[in-house]
Amino acid sequence: MHWTLTQFTPATNNIAPDNAFERLFAVWVILLAMGVFSSFISSITATVSSLRASQAKQFHERAALLRFFCERNLSADLFGKVNEVLRKEGMFQVRIQEQEVGLIKGIPETLLQQLHEEMYMSLMAHLPFWPEWAYGEDMHFLRIVCHFAMKEHIAKPMQDAFLPGRCSPEALIIETGHMCYIPAGSTRDIVVGEGDILCLASLWAEWQYHGRLTASYGSANYVGINSVTFCQLATEHGGPLWQYLQIFGILLLGLLESSGNAITDLIYKSSLMELGPRAEKYAAVFNARNARTKGFSRSQSGSKESITWSKNMVQTLETFEKFGSQSLGA
């Protein structure tokens, strides 16, 4: 054992080879020792160097942040809050996102579509407006919505998902974690979690954020449905589902307008439970009369279609609701 250890270090020993075979073995052990020892030393050196470089980078970033605050005479209280957020940023584990996996970009489109279907289809069930028959004859539409219109997002601790006043490009579904929603002009915090939906009306109309959504309880994951892409896909798909979605959007916007100044981005599913059956009833009446829906206009805003609310359309729908059963029975 002593002789073996001396081959890895410059230590001395009084054991020496006596013949050619022992010398050959000793040379082989020395060469092996050189390789192992060098590899061990180089790994330690690389680890220490990377640690020093990381610490130096953090030091320069902190120094730049401090200089930024000092040159602008910003408050020490704000500096402390920013430092606290930055300190907590590395304490929470963040799951890897799709765009961070480069190999996924090279897989065939069919496999990518199947990937998105498995990622997002379960979240589609949280949307309160899908009729039961959509999961049968219109399953292809749901798949292409998952593939083209949905995208995952992550909110790190204390990071804002959106702020009031800005235009909303997508409807949001909370996937994991909890976030804090604060309506504009209010100090009341609303905790939103898995399955909660925000900015649903943006799928049918131009929508501005009416509050602030922030990750106050650690990191959270949420999925966005792009409004422009959703409208384009629904229009291209057509059929009864497209007509049903139009009517549901009109009823949803009417519900929001009736709420007056209490409009928020957060939509409670319980308040939408009756809209789905009503939209199905209206669509059935219109299909029975073989007439296209009227009373609303689809205005082009960029590439996004939006529905302009019309009280005359509501009155027409209510009239159909009263006499719809008689028309269907005839």
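**View 1. The segment annotated in UniProt.** The unreviewed UniProt entry places the feature "transmembrane region" at residues 25–48; such annotations may be inferred rather than shown by experiment, and their positions follow the numbering used here, with feature names shortened. The model is predicted, so that local features need pLDDT of at least 70 and side-chain atom pairs count only at pLDDT 80 or more, whereas totals for chains, interfaces and linings use all residues. Residues are numbered from 1 along each chain as its sequence is written, and side-chain values use heavy atoms, with hydrogens and water left out. Over residues 25–48 the chain is 100% helix and 0% strand, and the end C-alpha atoms are 35 Å apart; helices (H or I, at least four residues) and strands (E, at least two) are DSSP runs numbered from the N terminus.

**View 2. A nonpolar surface patch with I41.** F37, F40, I41, I44 and V48 make a nonpolar surface patch of about 420 Å², where patch members have over 30% relative accessible area and no salt bridge (a side-chain nitrogen of Lys or Arg within 4 Å of a carboxyl oxygen of Asp or Glu), and nonpolar side chains (Val, Leu, Ile, Met, Phe, Trp, Tyr) are joined within 5 Å, like charges within 9 Å. Accessible areas come from the Shrake-Rupley method with a 1.4 Å probe, and for residues only the protein chains shown count as cover. I41 is found in helix α2 (residues 20–71) and is partly exposed, at a relative accessible area of 38% (buried means under 20%, exposed over 50%, partly exposed in between).

**View 3. The largest nonpolar core around W130.** Of the 63 residues in this core, F129, W130, F141, L200 and L245 touch the most other members; a nonpolar core is a set of buried Ala, Val, Leu, Ile, Met, Phe, Trp, Tyr and Cys residues joined through side-chain atoms within 4.5 Å. Helix α7 (residues 239–258) supplies the largest share of this core, ten residues. Leaving aside residues up to four places away in sequence, W130 touches M124, Y135, F141, L142, F230, L241, Y244 and L245, a contact being heavy atoms within 4.5 Å.

**View 4. Two residues with positive phi.** M158, although not a glycine, has a positive phi of about 70° and lies in the loop between β1 (150–155) and β2 (160–162), where M158 is partly exposed with a relative accessible area of 42%. C199, also a residue other than glycine, has a positive phi near 60° and is placed in the loop between β6 (197–198) and β7 (211–214); at 1% relative accessibility, C199 counts as buried.

Definitions and conventions. Buried means under 20% relative accessible area, exposed over 50%, partly exposed in between (1.4 Å probe, protein chains only).
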